[in-house]
Amino acid sequence: MIVCVCNNISDREIRQAVDLGITSIVALREELGLGTDCGKCISYAREVLHEAIGSK
Ligand code: FES
């Protein structure tokens, strides 16, 4: 499912980023460009990020 509509970033891509060592929204923003436009995706992206980190 797409999390960041503006930049076409899916929950799967966020999980893959976590597998590669990403642990923060700031890093997701830097690496994938997530949240760099309207910013509406940030709170859901944070949930997906924490869930992915928690399931490691
Ligand atoms: Fe992510 Fe707009 S939905 S920046």
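# Close-up views of a predicted model

**View 1. Gly35 and its contacts in the loop between α2 and α3.** Gly35 touches Cys4, Asn7, Arg29, Cys41 and Ile42, leaving out residues up to four places away in sequence. The model shown here and in the other views is predicted. Gly35 sits in the loop that runs between α2 and α3. Its relative accessibility is 6%, so Gly35 counts as buried. Ile9 lies 26 residues from Gly35 in sequence. The C-alpha atoms of Gly35 and Ile9 are 9.5 Å apart in space. One of the residues touched by Gly35 is Cys41. Cys41 is buried too, with a relative accessible area of 7%.

**View 2. Cys6 in the loop between β1 and β2.** Cys6 is placed in the loop between β1 and β2. Is Cys6 buried or partly exposed? With 40% relative accessibility, Cys6 counts as partly exposed. Residues up to four places away in sequence aside, Cys6 touches Asp37 and Cys38. Cys38 is partly exposed, at a relative accessible area of 46%. Thr36 is 30 residues from Cys6 along the chain. The C-alpha atoms of Cys6 and Thr36 are separated by 8.3 Å. A disulfide is a covalent bond between the sulfur atoms of two cysteines. How many disulfides does the structure hold? The count is zero.

**View 3. Asn8 and its positive phi.** Asn8 lies in the loop between β1 and β2. Its phi is near 55°. That value is positive, and Asn8 is a residue other than glycine. Most residues other than glycine have a negative phi. Asn8 counts as exposed, at 52% relative accessibility.

**View 4. Ser10 in strand β2.** Ser10 is part of strand β2. Ser10 is buried, and its relative accessible area is 13%. Which residues is Ser10 in contact with, leaving aside its neighbours within four places in sequence? They are Met1, Ile2 and Val3.

**View 5. Asp11 in helix α1.** Asp11 belongs to helix α1. Is Asp11 buried or exposed? Asp11 is buried, with a relative accessible area of 15%. Neighbours within four places in sequence aside, Asp11 is in contact with Met1, Val3 and Val48.

**View 6. The two sides of helix α1.** The buried residues of α1 are Asp11, Ile14, Ala17 and Val18. They span an arc of only 115° around the axis, so they sit on the same side of α1. An α-helix has 3.6 residues a turn, so residues three or four places apart point the same way. On the other side of α1, the exposed residues are Arg12 and Asp19. What do the buried residues of α1 pack against? Their partners are β1 (2-4), β2 (9-10), α2 and α3. Just after α1 comes Gly21. Gly21 has a positive phi of about 110°.

**View 7. The buried and exposed faces of helix α2.** Ile25, Ala27 and Leu28 are the buried residues of α2. Seen down the axis of α2, they fall within an arc of 155°, so they line one face of the helix. Val26 and Glu30 are exposed. These two are on the face of α2 turned away from the buried side. The buried residues of α2 pack against α1 (11-19) and α3. Gly33 follows α2. The phi of Gly33 is positive, near 85°.

**View 8. Helix α2 crossing helix α3.** Two packed helices are described by the angle between their axes and the distance between the axes. Helix α2 covers residues 25-32, and helix α3 covers residues 42-54. Their axes come within 10 Å. The crossing angle is roughly 105°. Angles of 65 to 115 degrees count as roughly perpendicular, and α2 and α3 are therefore roughly perpendicular to each other. Which residues of α2 meet α3? Ile25, Leu28 and Arg29 do so. From α3, the residues met are Ile42, Ala45, Arg46 and Leu49. The residues of this contact of α2 with α3 comprise five nonpolar and two charged, with no polar ones. Arg29, in α2, is also among the residues that Gly35 touches.

Methods. Residues numbered from 1 in each chain as written. Predicted model: local features only at pLDDT ≥ 70, side-chain atom pairs only at ≥ 80, totals over all residues. Heavy atoms only, no water. Disulfide = S-S within 2.5 Å. Buried < 20%, exposed > 50% of the residue type's maximum accessible area, 1.4 Å probe, protein only. Axes fitted to C-alpha atoms, helices over the stretch in contact; angles between N-to-C directions. Helix = DSSP H or I, 4+ residues; strand = E, 2+ residues; numbered from the N terminus. Parallel < 35°, antiparallel > 145°, perpendicular 65-115°, else oblique. Contact = heavy atoms within 4.5 Å. Nonpolar A, V, L, I, M, F, W, Y, C, P; charged D, E, K, R; others polar. Arc of directions from axis to C-beta.
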